[in-house]
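I opened this model to look up how its helices pack and how its chains meet. My entries follow in the order in which I made them.

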Amino acid sequence: MFALTVLATAGEGSSPNPLLPANFDLLWSLVVFALIVIAFQRSILPKLNKILDERAETIEGGIARAEAAQAEAAAALKEYTAQLTEARAEAARLRDDARTEAAQILSEARAGAVKDAEHLTEIAVKQIEAGRQQAMIALRSDVGALATELAGRIVREALADDARQQHVIDAFLDELDSTVKAEG
Amino acid sequence: MAHLGAFETLAIGAAMFTLAAAISPMVFGTDGTGGSGTDGFWSWLVRSNGFHPPSVLDFFPDAVLFGGTVFEVNRVVVIRILAAAVLIGVFAIVAQRARVIPRRGQALVEILMDFVRVQVVEEVMGKERAKRYVPFLTTLFLAIVVFNLTGVIPFLNLAATSLIGLPIVMALWVYFLYLAAGVRHHGLGGYLKASLFPPGVPWPIYILLTPVEALQVFVLRPATLALRLTANMMAGHLLLALCFAATQFFFFEASGAIAGVGALSLSAAIAFTLFEVFVALLQAYVFIMLSAVYLNMALEDEH
């Protein structure tokens, strides 16, 4: 209390105490400061903050968009890779199939050819057999006649000696040869 | 102003200087150095009628309007009104033209806002708690910076915060803010208990601790906020005014080699002007930093 009185009396003196505010000092300080506070709280800072928020939003939106684009690209890449792998597998499968099919076709063809060849051979053998049979039949029927003719001639000539006998047989065989040649 | 070249700026500055210098003797009196009427402005400007060291009376200039009443307007009040008008005007224009992609002026304003938010309030209080108080403390910081800087602006030459009324108003604002925050957070009893009887201390200590804490919370914090700011700004003004007065005296009154000392005092004046700019920013920073700390202490659950 004493100190306050001293301070107050010092304020009254020729050199005012700079630690004690005058009433007008406080009043005007209050007015001026209140004006600043009101202006900043009510108008200036909200406006600036709105812009700052907008910017933050824009940047965040941009980042989100970029992230979305990146994710999309990654997904597309993954899809393409998958598709490529699938396509490769498909191609490999098709190639394998084709190879198997070709091998099958080849073996089938080969089997068919062998079968055909066997068939042809069989037919040929049959034909040959038939020809032989024919020949045999023809020969059988001719051999009788020829043997009869030969025997007749032998009898008719009255075989005297071996030479003559030999001559008859040779002539007969020549004749037989020529008939076979004429027939063939 | 941004599109003005250096030459136009200089010309405008010179014109304002001449105008202000011509008016100032009429407005603020001739300070006992003789009338400007007979000798003319320029001879008045370069005259020195003895050495005039600054004094405490600098902070109690004569009234301009309504002298002796509670509405008295003197040089300090004029400076405050001017500074507030410039602050509100500049920021209103920036806020009005604010865009998502900032121009230079807006970027500067945003740097200041970010500084307060990130470097001070969020640093002290944490992000979540800071949100509520960032606007208050940003306003406080900008106001103190501008009111401090008037101390180094030619023709104002007196920090608006060097007369204690304004620092008291600002300190009281912080004071009520942190008291309200504490009461809202803890309840009245809870806040008193938390701040006067810090937990984790054996009870006999409270006999000593509680009065100290009470003095801290209810008197010393706001008082030191106001006094620190005022004392710094007063000291800054006295220092600068001393350098300027000495320079004037040495250049225009002292003779011979002594006049050379004027160069020294002028260099000191330049250095101290830059220093005062630094102090202006630093004191604003200290003020809001401490305010944030006090607010945070009021909201803290445990000391």
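**Chain B, overall**

I began with contacts along the sequence: of the contacts in chain B with a separation of 6 or more, 64% are between residues 24 or more positions apart. I note here that this is a predicted model.

I then looked up the secondary structure of chain B, which has nine helices and two strands. Along the sequence the pattern reads α-α-β-β-α-α-α-α-α-α-α. Chain B has 303 residues, and 32% of them are buried.

**Chain A, overall**

I looked up the same items for chain A. Chain A has three helices and zero strands, in the pattern α-α-α. Of its 184 residues, 7% are buried.

**Where the chains meet**

I wanted to know how many residues of chain B are in contact with chain A. I found 33 residues of chain B in contact with 31 residues of chain A. On the chain B side, the elements that give two or more residues are H3, H4, H5 and H6. H3(B) gives the most to this side, with nine residues. I sorted the chain B side by class and got 27 nonpolar, three polar and three charged residues.

**H3 against H5 in chain B**

I turned to helix H3 (residues 75–96) and helix H5 (residues 127–149), both of chain B. They pack at an angle of about 130°, with their axes 10 Å apart. That angle makes H3(B) oblique to H5(B). The crossing of these two helices is right-handed.

Which residues make the contact? From H3(B) I listed B:Arg80, B:Ala83, B:Val86 and B:Leu87, and from H5(B) B:Leu142, B:Ala143, B:Val146 and B:Phe147. By class, the contact of H3(B) with H5(B) has seven nonpolar residues, no polar ones and one charged.

**Nonpolar cores**

I looked for the largest nonpolar core and found one of 72 residues. B:Val121 and B:Leu137 have the most contacts inside this core. The elements that give two or more residues to this core include helix H2 (23–157) of chain A. From chain B they are H3, helix H4 (104–125), H5, helix H6 (165–186), helix H8 (205–252) and helix H9 (258–299). H5(B) supplies the largest share of this core, 14 residues.

I followed B:Leu137 outward, leaving aside its neighbours within four places in sequence. B:Leu137 is in contact with B:Val116, B:Val120, B:Val121, B:Ile288, B:Ser291 and B:Ala292.

Apart from the largest core lies another core, of five residues. I noted B:Leu240, B:Cys243, B:Ala246 and B:Phe249 among them.

**H8 against H9 in chain B**

Next I checked H8(B) and H9(B), which pack at an angle of about 170° with their axes 8 Å apart. Angles over 145 degrees count as roughly antiparallel, so H8(B) is roughly antiparallel to H9(B). I divided the residues of the contact of H8(B) with H9(B) by class: 21 are nonpolar, seven polar and three charged.

**H6 against H7 in chain B**

I looked up H6(B) and H7(B) as well. They pack at an angle of about 110°, with their axes 6 Å apart. An angle of 65 to 115 degrees counts as roughly perpendicular, and H6(B) and H7(B) are therefore roughly perpendicular to each other. H6(B) passes H7(B) in a right-handed crossing.

On the H6(B) side I listed B:Gly182, B:Val183 and B:His186. They meet B:Leu188, B:Gly190, B:Tyr191, B:Ala194 and B:Ser195 in H7(B). The contact of H6(B) with H7(B) has four nonpolar, four polar and no charged residues.

**B:Pro198**

My last entry is on one loop residue. Where is B:Pro198 found? B:Pro198 is in the loop between helix H7 (188–196) and H8 of chain B. I counted 15 C-beta neighbours inside 10 Å, so B:Pro198 counts as partly exposed. I also took its distance to B:Thr210: the two residues are 12 apart in sequence and 8.5 Å apart in space, C-alpha to C-alpha.

Conventions
Residues are numbered from 1 along each chain as its sequence is written. Chains are lettered from A and ligands numbered from 1 in the order in which they are written. This is a predicted model: local features need pLDDT of at least 70, side-chain atom pairs count only at pLDDT 80 or more; totals for chains, interfaces and linings use all residues. Axes are lines fitted to C-alpha atoms, for helices over the stretch in contact, and angles run from 0 to 180 degrees between N-to-C directions. Helices (H or I, at least four residues) and strands (E, at least two) are DSSP runs, numbered from the N terminus. Angles under 35 degrees count as roughly parallel, over 145 as roughly antiparallel, 65 to 115 as roughly perpendicular and the rest as oblique. A crossing is left-handed if the near helix is turned anticlockwise from the far one by less than a right angle, and right-handed if clockwise. Two residues are in contact if their C-beta atoms, placed from the backbone, lie within 7 Å. Ala, Val, Leu, Ile, Met, Phe, Trp, Tyr, Cys and Pro count as nonpolar, Asp, Glu, Lys and Arg as charged, and the others, Gly among them, as polar. A nonpolar core is a set of buried Ala, Val, Leu, Ile, Met, Phe, Trp, Tyr and Cys residues joined through C-beta atoms within 7 Å. A residue is buried if 20 or more other C-beta atoms lie within 10 Å of its own, exposed if 12 or fewer, and partly exposed in between; C-beta atoms are placed from the backbone.
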